[in-house]
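Here are a few exercises to work through with the structure open beside you. Try each task before you read its solution.

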Amino acid sequence: MFRFPRPSLPLVAPPTTASVLLRWLTVCVFLCLAAATGFYLLTALTEDISSHRRDMNAAAYRAQIYFDQREALLRYLGDSVVVGDPSAPSSEGVRQLPLDGPGGKPGQRLLLSPRAEHTLQTLQTHLLLVDAQGTHWLAGGQADVDIAGLPTLHVLQQRSGTLAGTDPVYWLRAGDAGVALAQPVQAGPQPGQWLMLLLDSAAASDMIDGQGIGGYALLDRDGQPALSSLAPRLDSAGWKALQQRQDDSFGVLWSTGLPRGVALVKGVGNDGWRLVYHLPPRLLLGDMATSLLISSALLLLAGIALRLLRHRVDRQLIQPALLQHRRLLESLDFSSTVIDLAPVGICVLRRSDRQLLLSNQLLRDWLGEEGTDSDWQAPWRGHAGERGRGLEFTARDGRQLQVLHAACRYQDDDVLLCVFHDISRHRQAQAALSSARQAADAANQAKSAFLATMSHEIRTPLYGVLGTLELLGRTPLDARQSQYLRTIESSSSVLLQLISDVLDVSKIESGQLSLEPASFSPRELTESVLRSFAAAATRKGLQVLVCTDPRLPTRVLGDADRIRQVLGNLLSNAIKFTEHGRVVLRVRLVHREGESSVLAWQVTDTGVGIATEEQARLFEPFRQVRGAASAQGTGLGLSISDRLVRLMSGELRVVSEPGLGSSFTVRLPLPVLAATEDGPALLAEPPVYVRGRDRELVDSACGWLRRWGANAQPLQGDPALLDHAGAILMDGEAEQPLAWQGPARPRRRDPDGWRGGTAVGLAGTAGAGLDRWWRPTGTCRRWRAAGHPAWHVLDRLGGGTPAAPMRNAADRSARCAARPAGTAGAGRGRQSHQPGDPGRTAAGPGLRGGACAGWCRGVAAVPGP
């Protein structure tokens with residue numbers, strides 16, 4: 001009762017019952033088809049026999065009438081015999097045939113009228129007189145018949161009195177193939193004279209014969225054929241069976257158990273003669289040949305089809321089912337073996353009364369045999385299936401067991417499948433692991449505290465060193481001392497960065513690093529990060545570009561310092577591993593829905609790239625890319641950046657190809673804050689055209705100008721498009737100056753090379769620093785004095801807080817149109833300006849440095865020399 005049944009496969013007989021039943025079913029179907037075919041053939045045979053029977057009856061009816069007419073004629077002639085004076089007058093045309101010979105009466109004669117003679121001829125009969133002197137022709141002419149073969153008077157006298165009735169007619173054989181009808185002239189036991197009516201054999205045969213009804217025979221009273229067809233004829237067995245039939249009948253002739261055909265027997269006359277029509281089996285089979293062939297062919301095809309169907313069903317259904325049954329038994333045996341050998345205890349309980357149905361050996365070893373004092377009666381049995389999916393209990397031997405249960409069906413009953421796990425060792429290991437974890441946590445906390453303390457303690461004197469070095473740098477030093485000082489400052493900065501990274505790692509591992517969300521501008525943050533690395537890029541001869549998305553929100557909520565730290569690490573690595581080319585910092589709006597947004601910062605370089613096998617472990621602590629430049633860092637920057645990004649619920653991705661460069665993307669979800677636009681408010685007129693070599697930067701500049709209200713578009717094709725009153729050109733290609741000659745009405749040439757009333761703002765693209773952006777001209781002053789429409793746009797671009805030391809609008813207007821001054825960059829700071837000399841620019845908070853400032857908002861560039 002408590003064990004899993006394991007079927008013994010060798011004792012299980014192969015289930016061939018289905019195959020046997022299929023064979024029997026096939027035989028039964030074939031027999032049904034054969035019975036249906038037989039029934040159809042029997043019906044067709046019955047119908048064919050009925051048709052032949054109708055033909056036979058019609059032929060027999062015609063023959064009966066034929067013989068009745070001749071019997072009536074003989075009786076009429078017999079009644080025409082009279083006795084009297086032969087000299088007495090008679091009717092006209094009536095012949096008197098004397099019958100007063102031997103055996104006759106005196107004066108006895110036959111009165112034969114013309115009509116009677118005509119009837120004799122019409123019916124093809126011959127009238128004869130038989131007496132003691134022999135047989136004599138009386139009327140109807142003489143037939144080609146041997147009179148000696150006709151019945152004699154002696155034969156007729158023997159027949160006399162054998163028939164009942166007052167006017168009998170005797171049927172006699174006339175030779176080998178002939179029929180004669182006889183009637184005595186005088187009544188009495190031994191008549192001496194007889195009238196004989198001889199029938200024409202050929203005419204009688206034609207009348208008896210029926211077309212398509214087989215053979216016929218006219219049998220005398222002894223059963224011998226007087227007239228018969230040439231074919232088909234009955235054999236001796238058939239004649240014997242036919243002679244046994246005396247009454248009128250129709251049916252099958254049987255002899256020695258075999259059918260001899262179908263016969264119709266009809267009596268003719270009153271002398272016991274019978275007319276027989278016989279249809280042999282050969283003719284019946286001939287009539288049924290087509291039906292037999294078609295039925296046999298269909299039955300044969302049906303048998304073949306049934307056999308093929310049985311074979312197909314047996315191969316595609318029964319054999320796979322047998323195989324599946326065999327596999328099911330094997331699977332059941334295997335499952336039983338697995339369950340019995342499983343390292344867990346298994347049992348099955350009935351849900352209604354918690355009755356134990358099955359259990360394996362291991363569970364019985366743990367809980368013992370079922371009884372009132374065993375662990376089978378522990379509380380787990382009553383609570384199984386009620387509290388979630390599992391529970392735990394302790395056995396009497398101290399073993400800790402976990403019980404998992406699930407509801408299922410077994411043998412048409414709702415049951416609970418319970419699985420027992422021995423978790424004693426697991427609990428012990430868990431307790432040991434908890435103790436070890438606590439010890440490790442304590443050691444880790446001690447390590448973190450030590451690192452944090454040491455970092456603080458080291459940074460304190462290091463700040464003093466750096467301050468002292470800065471003071472030392474302001475004292476007079478020779479060239480070698482200055483070089484030594486720069487080396488010490490560089491090493492001290494690296495040491496300070498290393499200590500800061502270690503401190504950040506310690507805070508992150510200890511969970512003490514917290515974010516400080518605050519409102520900030522993503523555009524300003526991006527530009528400020530780029531300015532921090534412009535000098536390093538310039539020293540290596542690299543071009544640094546920043547491209548900001550015009551769709552960026554004005555203010556968002558986030559930890560700007562941590563984002564700046566991440567971007568700084570990425571830009572530092574990009575500049576470090578790039579020997580030539582450029583580094584691009586992009587920021588764009590990925591998604592915005594209501595007050596939530598997703599921003600993406602992308603740092604792309606044209607450096608050495610990172611191999612695919614190293615990208616998987618790139619963000620591990622102290623992991624460095626193999627290369628010459630990797631020795632300059634500690635390998636903590638990317639690890640800290642990745643942890644900071646994940647701490648801000650973002651993600652950091654890398655795409656790199658050796659020899660082509662790398663691209664790092666930071667995606668951060670940041671809430672959008674309500675804020676007013678911090679850019680200038682521009683007018684739609686005059687239009688602003690932007691020209692540059694990098695289409696991405698040109699599109700960004702146009703986007704920002706449109707965002708502030710200007711009608712900006714890239715300059716493409718013929719520079720004559722600038723022939724617009726007051727049009728402003730923002731040119732980022734100083735190395736390729738325009739060949740534009742001004743509007744349709746030329747004016748005197750502008751000192752800067754331009755002529756006409758159109759305002760042109762030139763942004764320099766070559767240089768080695770962020771300062772010395774613009775060289776002012778007097779064009780903007782003349783536009784302001786003349787009230788030129790371009791002034792209103794440029795005034796708004798340069799409005800706001802003026803760049804020192806310019807104090808009035810005239811000074812601001814001097815910055816509105818400029819041409820390259822040998823340097824270019826992107827930044828915000830103060831500008832010192834002297835007329836006619838290049839200015840120094842570090843753009844202020846609003847990036848409000850003139851007409852080109854709008855260009856700088858969209859694009860910041862520090863090209864190489």
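**Exercise 1: a long helix**

Which residues in α7 are buried? Then check the length of α7 against its number of residues, and find where α7 bends.

Solution. Keep in mind that this is a predicted model.

Step 1. The buried residues of α7 are S291, S295, L299, A302, L306, R310, D314, I318, L322, L329 and S336.

Step 2. An α-helix has 3.6 residues a turn, so residues three or four places apart point the same way.

Step 3. Now look for what covers the buried residues of α7: the cover includes α1 (17-79).

Step 4. For the length, α7 covers residues 289-341, which is 53 residues. At 1.5 Å a residue the helix should span 78 Å, and its end C-alpha atoms are 74 Å apart, so the two values agree.

Step 5. The bend is at D314, and it comes to about 40°. D314 is also one of the buried residues of α7.

**Exercise 2: an open sheet and its helices**

In what order do the five strands of the open sheet stand, and why is one side of β10 and of β11 left without a neighbour in the sheet?

Solution.

Step 1. The order is β10-β9-β13-β12-β11, with antiparallel pairing.

Step 2. β10 (225-228) and β11 (249-255) stand at the edges and have a single partner strand each, so one side of each has no neighbour in the sheet.

Step 3. From one strand to the next, the twist averages 30°.

Step 4. Look at the pairing of β11 with β12 (residues 258-268): seven bridges join these antiparallel strands. One of the residues to find is S249, whose bridge partner in β12 is V265.

Step 5. Add the helices. α1 lies across β9 (215-219), β11, β12 and β13 (273-279), and runs at about 30° to β12. Helix α4 (residues 201-208) lies across β9, β10 and β13, at about 70° to β10.

**Exercise 3: aromatic rings**

Why does the pair of W171 and W273 count as tilted, and which parts does this pair tie together?

Solution.

Step 1. With ring centres within 6.5 Å as the cut-off, the count is nine aromatic pairs.

Step 2. The ring centres of W171 and W273 are 5.6 Å apart and the planes are at 45°, so this pair is tilted.

Step 3. W171 belongs to strand β6 (residues 170-173) and W273 to strand β13, so the pair ties together parts 102 residues apart in sequence.

Step 4. Both count as buried because the cut-off is under 20% relative accessible area: W171 has 1% and W273 has 2%.

Step 5. Finally, widen the view: Y66, F67, W171 and W273 form one aromatic cluster.

Conventions:
Residues numbered from 1 in each chain as written. Predicted model: local features only at pLDDT ≥ 70, side-chain atom pairs only at ≥ 80, totals over all residues. Heavy atoms only, no water. Helix = DSSP H or I, 4+ residues; strand = E, 2+ residues; numbered from the N terminus. Expected span 1.5 Å × (residues − 1). Bend = angle between axes of the 7 residues up to and from the residue. Buried < 20%, exposed > 50% of the residue type's maximum accessible area, 1.4 Å probe, protein only. Contact = heavy atoms within 4.5 Å. Pairing = 2+ DSSP bridges. Axes fitted to C-alpha atoms, helices over the stretch in contact; angles between N-to-C directions. Phe/Tyr/Trp six-rings, centres within 6.5 Å; stacked < 30°, edge-to-face > 60°.
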